[in-house]
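Let's take a short tour of one protein model together. Keep the 3D view open and follow along as we go.

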Amino acid sequence: MIIELIPVVEITNYDNDIPLPPNGPYWEYSEDWENYHHQTNVEAGYSKDLKSYSKGSSLYQINNISDADLLKLIQKEIDVQQSEDNLGIEDLVSPFYGGYVLKIDGTNKYFPQCCSDLGDIEEWNDLLDDEENNFYMGHPSPRIIKDTNTITFDFLNSEIQENYCPPILADLLTVDKEKLAKAIQEAKKELDIFAKKLIKINGAENLNIPNIEKILVYGNA
């Protein structure tokens, strides 16, 4: 079993002049939705080279995003998190939406759900703690069953009974704990590279955002 944990961020743009695809969901009409996201992203100022992690989705692997596109994403995040007081960078307190794709033997098994973000790496890390049984990667999130050498994701008995998007084909998914631990460490290495990229852009563009990497990656300053 080869386990990977892929850090991704959500990039979603809308444009009144670009019609939404007539059919959904995106995983069933991936070509239509991929074209839509490409058009709206380019119209919003992102590069034509920006490619989604999974065709049709609005998730993008963090270290495949160019510096120019990442700058656009930072600027958008400042606008999105703007409070009524319009404090600018002082309003920046939350990490990028997105999360982690659980990939097993080359197949994407579990995508981050609604409200998940990069800060949820701590949730994955807590899976390795035998005393911790709570797990959150957006809603819904699976119930966790821990054994000596394995961790089982119970998607059927989620605390919040909502549909997973995209759907998860198996009710239960059991992984080797040691292999998952290695995948988590690799994901953390990717986060470190991404954090250094944020710091570089912050300096080069004179954004002057204190602790930019701690906020946008880990959700703390």
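## A cavity inside

The largest cavity in this predicted model holds about 30 Å³ of space. A search of the whole structure finds one cavity of 30 Å³ or more.

Which residues line the largest cavity? They are Glu-34, His-37, His-38, Asn-41, Leu-50, Ser-52 and Tyr-60. Helix H1, which covers residues 30–43, gives the most to this lining, with four residues. Sorted by character, the lining has two nonpolar residues, four polar ones and one charged one.

## A hairpin of two strands

Now find strand E3, residues 98–104, which pairs with E4 in the antiparallel sense over three bridges. Across the pair, Ile-104 stands opposite Thr-107 in E4.

The hairpin of E3 and E4 has two residues between the strands. Look here for Asp-105, which takes a positive phi near 50°.

## Phe-111 and its contacts

Follow the chain on from strand E4 (107–110) to the loop that leads to helix H3 (121–126), and you will find Phe-111 in that loop. Is Phe-111 buried or exposed? Its relative accessible area is 8%, so Phe-111 counts as buried, the cut-off being under 20%.

What does Phe-111 touch, leaving aside residues up to four places away in sequence? Its contacts are Tyr-53, Ser-54, Leu-59, Tyr-100, Val-101, Met-137, Cys-165 and Pro-166. You can also compare Phe-111 with Gly-98: they sit 13 residues apart along the chain, and their C-alpha atoms are separated by 9.2 Å.

Key. Residues are numbered from 1 along each chain as its sequence is written. This is a predicted model: local features need pLDDT of at least 70, side-chain atom pairs count only at pLDDT 80 or more; totals for chains, interfaces and linings use all residues. Side-chain values use heavy atoms; hydrogens and water are left out. On a 1 Å grid over the protein atoms alone, a cavity is a set of points where a 1.4 Å probe fits but cannot get out, and a pocket is an open set with protein on both sides within 12 Å along at least five of seven lines; lining residues have an atom within 4 Å of a point. Grid points are joined across faces, edges and corners, and a volume is the space filled by probe spheres set on the points. Ala, Val, Leu, Ile, Met, Phe, Trp, Tyr, Cys and Pro count as nonpolar, Asp, Glu, Lys and Arg as charged, and the others, Gly among them, as polar. Buried means under 20% relative accessible area, exposed over 50%, partly exposed in between (1.4 Å probe, protein chains only). Contact means heavy atoms within 4.5 Å. Two strands pair if DSSP finds at least two bridges between them.
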